[in-house]
Amino acid sequence: MAILLLADHDNSSLSDQTAKALTAAAKIGGDVHVLVAGKGAKAAADAAATLSGVSKVLLAQSEELANNLAEPLTDLIVALAKSYDTILAAATSTGKNVLPRVAALLDVAQISEIIEVVSADTFKRPIYAGNAIQTVQSSDAKKVITVRTASFPPASQGPAAAVEEISTADFSSAVSSFVADALSTSDRPELTSAKIIISGGRALGSAEKFNEIILPVADKLGAAVGASRAAVDAGYAPNDFQVGQTGKVVAPDLYIACGISGAIQHLAGMKDSKVIVAVNNDEEAPIFQVADYGIVCDLFEMLPELEKAL
Ligand code: FAD
């Protein structure tokens, strides 16, 4: 058994999503090789090499691979695929962009967003916005899998594996080219890796109130900020704050939902959080069904008080 794990990185550093996807790879069993494709990505490759359970890191570097463009990355993975039984990536924007193309070119069905490895060919994954768990057994010769990283702890550090530079001469990106990155920058922790998240919903009523009520508590807690889709659609919070089925899937140690009703599409993105606190003035709100602690109150009174107490 040999597994190829596509690393998530920005050339200079390795995302912790890779360490989590590696835990899933290790459960499948076999030699795990991590592919770091980029440009000037030696530091990311070295970081991948020190993750426990990695037997080799393949470092592929070229101009075309510098920005995670799906087309050259897919060509590279498909060329490597003959040596592997399983090709795996975290279900991040890169993984979701690249692996379906790989699966299509290999003519196999992708197994998306697994949350559990039952055996080398059988996996569990959520369906119907997390309302049911499907067990999938694949008879494809090669498995192409994305991993819902919120369900796996990161692999620990281990002895450094070898980093092997591989040729990229044959991979050029004729159909796509990189134009620009528009990255939102923030001093707050990133949503998908934050230990604490405080999210606001439609109840906040405006962007001004969202910022005035949610952000000071987030600052006191060192928390990332999330939002429901209703809050995002109404313009109270930016798009990349959205938690849920069509937003980000998170599983922090503490998730504080403020003025969020708990629609299934929101729960799909946060119900695996270790401790859930719900702040809502409607005691019948569905969010209380998943909450460990529920506070029935007006958030406009409660959150400033909490901030003061913190
Ligand atoms: P509401 O449902 O309106 O809830 C507001 C809550 O605030 C209520 O429970 C109310 O009691 C409470 N409240 C009001 N005033 C106060 C106050 N002063 N103090 C305390 N509490 C108060 N939603 C997501 O969040 N993420 C997704 O990814 C997502 N994807 C979707 C995908 C699809 C295909 C569809 C159809 C929907 C999706 N939705 C998603 C939308 C989802 O169905 C809900 O509409 C949305 O989550 C509701 O947001 P909300 O809880 O902020 O608003």
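In the predicted model, the side chain of Ser261 places an N or O atom 2.6 Å from an oxygen atom of the ligand. A second side-chain contact involves Thr246, where an N or O atom is 2.6 Å from a nitrogen atom of the ligand. The backbone also takes part: an N or O atom of the main chain of Leu299 lies 2.9 Å from a ligand nitrogen atom. The protein buries 75% of the 990 Å² that the ligand exposes when taken alone. Two or more residues of the shell come from each of the elements α6 (229-233), α7 (264-270) and α9 (299-309).

The shell around the ligand comprises 25 residues, and those that come nearest are Arg202, Ser228, Thr246, Ser261 and Gln265. Ser261 and Thr246, described above for their side-chain contacts, are thus listed again among these residues. Divided by class, the shell contains 13 polar, eight nonpolar and four charged residues.

The second largest pocket was examined separately. Its volume is about 320 Å³. The lining of this pocket consists of 19 residues, with Lys20, Phe152, Pro154, Ala251 and Lys274 nearest the centre. By class, eight of the lining residues are nonpolar, six are charged and five are polar. Residues of the lining are contributed by both domain 1 (2-166) and domain 2 (196-309), and the second largest pocket therefore lies between the two domains.

Terms used. Residues numbered from 1 in each chain as written. Predicted model: local features only at pLDDT ≥ 70, side-chain atom pairs only at ≥ 80, totals over all residues. Heavy atoms only, no water. 1 Å grid on protein atoms, 1.4 Å probe; cavity = no way out; pocket = protein on both sides within 12 Å on 5 of 7 lines; lining within 4 Å. Points joined across faces, edges and corners; volume = space filled by probe spheres on them. Nonpolar A, V, L, I, M, F, W, Y, C, P; charged D, E, K, R; others polar. Domains from an automatic or database assignment. Near = heavy atom within 4 Å. Polar contact = N/O pair within 3.5 Å; in protein donor to acceptor, adjacent residues only side chain to side chain. Areas by Shrake-Rupley, 256 points an atom, 1.4 Å probe, with all protein chains shown as cover. Helix = DSSP H or I, 4+ residues; strand = E, 2+ residues; numbered from the N terminus.
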